[in-house]
Amino acid sequence: MSPSERGRRAAGLDGLRGLAALSVVCFHVWLYRFPDPTHVERRGVLDYVLSDFRHGLLLFFVLSGFLLYRGFARAALRGDGFVDLRQYLRRRVARVVPAYYLAMLGTFVLLWGAGGTPGVRLPAHQGDLVLFLFFAQNYSSHTVLTFNPVTWTLCLEVLFYALLPVFGMAAYRWSRGLARRQAIALLGLLGSGLAWNAGVFLLGGNLVAAKALPAYLPYFALGMLVALWVESRGARLGGCATLGLALLGLLAVVGNALWHSGGGASALPLLGATLQDLFAGIGFAALVGAVAAGRGAAASWTRFRPLAALGLVSYGVYLWHLPLMLFGARLHLLPGAFVPRLAVVLLPALAAGTASWLFVERPLLAAASRRAARSRGRSARSRIGGALDARAAP
């Protein structure tokens, strides 16, 4: 693949990130219009549509599985060397941790002491904030979905980042060169997540169990399966196949929403609790596959510059939009109507996300890349020196 083609496909995936971020912002702008966001009543078509914008979170999970597993899938298929784990970990830390800590500090400044503001949920004790330092807020009923509620997903992402090399190493040893074995392992990962959800329902599990990584493994696994498909097949779809795959994905997402809103999940509670939003996850996986491997308008629309630019700064937008919105509510600055409210929330969130990217995320990622390049250079010089020494030996 040429550098220009890689750049276009990267821009397309950034566009999907931007779509996911915009979806989440729209959902929260709608959700936090209610005095109690944990108890909402959908009264019209717009309420039903906007309530399903929560699925943007699932697109983030599918994208994480796809983007991070590609290197591990490639290594296992080729069998000629494993992923550089130091580089992998350095980039994950640089990408996630500093911007997260900065957003947590900003959330404290904006919201601490605002417990009476509708929508603001703070930990009962200031000491509980320690859990947020270690991405552990999901593991206590006192902190899950409090403070900056969106960070519950960061707990899942960080644990996934930590466990992915373990799974990648197992795949490397067990399925070296065999895509079918990798696919079986990934389907097992997906199945274990569904089994967890069934167990949570049958055992009456609480919110902590429902927000644990196993409950969301199916979405990560779907992204990983797409990564395996792209790497094993060298997948390059034609325009018609790309359009078909994208339409299939859209139908799956819409079908998932209709199944839940139409009462299908509540009519079959065990099945609904087990599957959760699996069909939406399948739809997003199809969309990621179409953008990553396809061509034509069905793949290129995600490269629309404003959407791709939003994807580039989406992590900061995600971290900052809710505390900024709740701060606006604290000062009674938010309009009541959805569209002007969205504009008032989105503009400062974009500014904060852009600043986070320009001054925190991008410089630290560049530093991690430079360090990796120096390490590769030293390693290459060491190998050359060793080879010369061996030739010179009597």
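Here a visitor asks how the terms used for this predicted model are justified, and a guide replies.

Visitor: What makes a feature count in this model?
Guide: This is a predicted model, where local features need pLDDT of at least 70 and side-chain atom pairs count only at pLDDT 80 or more, while totals for chains, interfaces and linings use all residues. Residues are numbered from 1 along each chain as its sequence is written, and side-chain values use heavy atoms, with hydrogens and water left out.

Visitor: How many helices and strands are there in the protein chain?
Guide: The protein chain has 17 helices and zero strands. Both are DSSP runs numbered from the N terminus: helices are H or I with at least four residues, strands are E with at least two.

Visitor: Why is the protein chain called as compact as a globular protein of that length?
Guide: Its radius of gyration is 22 Å, and the globule rule gives 21 Å for 394 residues. The radius is taken over C-alpha atoms, and the rule is 2.2 Å times the number of residues to the power 0.38. The two values are close, so the chain is as compact as a globular protein of that length.

Visitor: Why is the F82 and Y172 pair called edge-to-face?
Guide: Rings of Phe, Tyr and Trp (its six-membered ring) pair if their centres lie within 6.5 Å; planes under 30 degrees apart are stacked, over 60 edge-to-face, the rest tilted. F82 and Y172 stand 5.4 Å centre to centre, with 65° between the planes. So the pair qualifies as edge-to-face.

Visitor: What makes this pair tie parts together?
Guide: F82 lies in the loop between α3 (56-78) and α4 (85-111), and Y172 lies in helix α6 (residues 152-174), so the pair ties together parts 90 residues apart in sequence.

Visitor: How do you know whether Y172 is buried or exposed?
Guide: Buried means under 20% relative accessible area, exposed over 50%, partly exposed in between (1.4 Å probe, protein chains only). Y172 has 10% relative accessibility, so Y172 counts as buried. F82 has 23%, so F82 is partly exposed.

Visitor: Why is the W112 and F147 pair called edge-to-face?
Guide: The centres of W112 and F147 are 6.2 Å apart and the planes make 75°, so the pair is edge-to-face. W112 lies in the loop between α4 and α5 (130-133), and F147 in the loop between α5 and α6, so the pair ties together parts 35 residues apart in sequence. W112 is partly exposed at 24%. F147 is buried at 3%.

Visitor: How many aromatic pairs does the structure hold?
Guide: The structure holds 21 aromatic pairs.
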